[in-house]
There are 2 protein chains.
Amino acid sequence: MSNSIKLAILGLGTVGTGVVDLINDNLDELKRRSGRDIIITEVGTRRHRDDIDPNIVQNSDLMATAASDDVDIVIEVIGGTTLAKDLIMHAIKNGKHVVTANKALLAEHGNEIFAFAEEHNVHVAYEAAVAGGIPIIKVMREALAANKVEWLAGIINGTGNFIMTEMRDKGRSFDDVLSEAQELGYAEADPTFDVEGIDAAHKLALLASIAFGTPLQFDKVYCEGITGITLQDVNYAEELGYRIKHLGFAVRRDGAGNDSDAGIELRVHPTLIPQDALLASVNGVKNAVLVNSHPLGQTLYCGDGAGAGATASAVMADVMDLVRVLGSKNSTDQNNHSHHVPHLAFIPDQLSDTPILRAEQMTTGYYLRVHAYDSPGVLADITRILSDSGINIDAILQKPAHKVGQVPVIILTLPVVESQMNLAIKEIEELDTITDKVVRIRLDELA
Amino acid sequence: MSNSIKLAILGLGTVGTGVVDLINDNLDELKRRSGRDIIITEVGTRRHRDDIDPNIVQNSDLMATAASDDVDIVIEVIGGTTLAKDLIMHAIKNGKHVVTANKALLAEHGNEIFAFAEEHNVHVAYEAAVAGGIPIIKVMREALAANKVEWLAGIINGTGNFIMTEMRDKGRSFDDVLSEAQELGYAEADPTFDVEGIDAAHKLALLASIAFGTPLQFDKVYCEGITGITLQDVNYAEELGYRIKHLGFAVRRDGAGNDSDAGIELRVHPTLIPQDALLASVNGVKNAVLVNSHPLGQTLYCGDGAGAGATASAVMADVMDLVRVLGSKNSTDQNNHSHHVPHLAFIPDQLSDTPILRAEQMTTGYYLRVHAYDSPGVLADITRILSDSGINIDAILQKPAHKVGQVPVIILTLPVVESQMNLAIKEIEELDTITDKVVRIRLDELA
């Protein structure tokens, strides 16, 4: 066993450069903690960089770097799901441990990648893939290892949270804030992944698997973005004591005695949460994850969800864990899962096939905005329909008419199965007195 | 290597019973995650308990249980610093790994206990000793392992936070809330450890060591309780946009070019923090720790700081970590520190002797409440003294006279070295127009 740990970095963009900088800045700290010299021996980069230590080999053949004899751990930070996958599989095949920040790749191909890693007895570590610098993977896999997770709710996309924060704080429109986020570099030129919730869904898929011990099932995440959120709804929500946040939820449902309804809800959507919940005060590009587990109860983890420093911190935390694995002489024992943390928190053959519920089976509270002609009986009609559908009303706010003769009615409901709500809304929209489609946003008390 | 992991629990109070309950509740979860059967083989308890599984040996000879051949891991949850210490040393000597929730014992004797454990090549795990169920030890030792910690600030005593929360929310007096906390079981009959900050100082000593890689130095923690906080100051603080919380701070100071001032501040005291800081919204018996590290930036960890479930969660997280160590065949190698997390986060021979600063050397902002006769020139006198002492004023609030002819003047200052502030306050108190001692509370922007 050599005393130094040799790293290769694939990709020298923002995150790759952040890792180089971290190692330069904290070299002494890393050695004092690990007892080892942690050195970058090679970087895989298409374009030669003159500002990199000349002792570090720069290789434009990334596949060669991924398999280099002079490397213990391969750090993949090029992103994407094609070349990145080939590189990781090649590194694994060559007995390298891998650290990656690639949420999309793992959410979509993680089951295959982790199985391949187990076959080759190496680890694929991915702290940086979810919530940036917040150590939520370590927390869920290790710190909460003795708990049964009941649900989690997370602000896991910084761009979306920045937009929702600006809309509320400054009364700005969605489009206006999105443009600024793009200028600030928070949002991509094509913001689809962020504002449609796909990025959050990638992260949620990973969180849900390690929460419940289920295989990765990104394709089953119900996903709703924030493009439809208007300032009007943001303000009505505030008036009622709630705040709209874009959240990912993973919830275990026991099915209330009916096994066919038991399963896991995986959903990303705008959500009204109580203003006095800590999560409601997580603003700007910050991320946060709230986990409710038994017997611990609720714990919250908050910090920067992106950026060079935060991501490099998570990447290097994985490296520091792997240093301990590399220090353990029997780390190459086959089939000995007892001395490392399983990729998905649970021993691979112990993953469960608990079903992921379809959207219509999911249970949440709702915020409804109904526009009606200001005629007698309209409120009675709406409340009767909800009551007949077994939907309990928690609050009603009837605003003065803002168009001639039309009144917006805001209704908050207690939790109800979506299929029931769909029927009730259909019935409401069929009323003669209703002028528009009913606007609905989910609501969660986080209790 | 047997497939089961055998635990002994020393003490069956609230926490010990919580551990028994957790294992009963989450048996399947523990096995699915660890691949091992985790069983309690023996409990050390003075009083026989009829409600415990008859397969578990109940032993009133706790020293015998601590050394039992049928035990891999000893969980010490009896508390105190005398018998608990003997039991832990005895367990270590007999090659047992130890899990403890005992902050007082570790803060006062941790250096000796950890050295003894290293000598005998066993681990003493202590997640439950700080902030209950919040995994702050794991986070700081492992998740932030690649960072350089700059400072941390924590609400690490639930009783104190409950009292401060109730005073602010309900306008109640300190004594009134303390009585209720005692009735609710949040505070001991002798509340000294909680309200004088000693419990928080124990935890801070542990956090500071793993943040900075210094030996435990509980005796050097500056410690101020909340018994002197009045409703008046709580309200003035709120009026100025701040909230008073009882916090523990560990801060690395570079000494501004002067090495004699470089060192670490360890201090527990009431503190004004901005109302819009997340930490200001951590209410009731909740705990939270805010860590500022490079390059990660600020991360916050929040949850229950006490109680059977939260503490059992932390104890069993340690057990789950030890299960992996026990699964590693070379865990008995001497002097191989590379494959386990060092007790104090840094390799023992890499601990630094950075000095702990004396109170007079510490730098903080201040809230000052000065009572003066309402005579011309008094404000000019006060501000001149502060200005002459090089103290910058951030805000002033002059309230209408509440006693005949006397006005309270509230002043917020920018950070200043305590020795400077001491001199300025002495000078202010010597003014003829000043009627009372100056009240001072520290202030931190958490920026």
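Two strands are taken to pair if DSSP finds at least two bridges between them. In this predicted model, that condition matters where the two chains meet, for 3 bridges join strand E12 (297-304) of chain A to strand E12 (residues 297-304) of chain B, and the two strands run antiparallel. Within this pairing, A:Tyr301 stands opposite B:Tyr301 in E12(B).

The wider interface brings 58 residues of chain A into contact with 57 residues of chain B. The elements of chain A that give two or more residues to the side touching chain B are listed below.

| Element of chain A | Residues |
|---|---|
| helix H1 | 14-25 |
| helix H2 | 27-34 |
| helix H6 | 136-143 |
| strand E12 | 297-304 |
| helix H12 | 308-327 |

Of these elements, H12(A) gives the most, contributing 11 residues to the side of chain A that touches chain B. By residue class, that side of chain A divides into 23 nonpolar, 23 polar and 12 charged residues.

Turning to chain A as a whole, there are 14 helices and 16 strands. The radius of gyration of chain A is 24 Å, close to the 22 Å that the globule rule gives for 447 residues, so chain A is as compact as a globular protein of that length. Along its principal axes, the C-alpha trace of chain A spans about 85 × 50 × 35 Å, and 54% of the 447 residues count as buried. Among the contacts in chain A with a separation of 6 or more, 74% are accounted for by residues 24 or more positions apart.

Terms used: Residues are numbered from 1 along each chain as its sequence is written. Chains are lettered from A and ligands numbered from 1 in the order in which they are written. This is a predicted model: local features need pLDDT of at least 70, side-chain atom pairs count only at pLDDT 80 or more; totals for chains, interfaces and linings use all residues. Helices (H or I, at least four residues) and strands (E, at least two) are DSSP runs, numbered from the N terminus. The radius of gyration is taken over C-alpha atoms; the globule rule is 2.2 Å times the number of residues to the power 0.38. A residue is buried if 20 or more other C-beta atoms lie within 10 Å of its own, exposed if 12 or fewer, and partly exposed in between; C-beta atoms are placed from the backbone. Two residues are in contact if their C-beta atoms, placed from the backbone, lie within 7 Å. Ala, Val, Leu, Ile, Met, Phe, Trp, Tyr, Cys and Pro count as nonpolar, Asp, Glu, Lys and Arg as charged, and the others, Gly among them, as polar.
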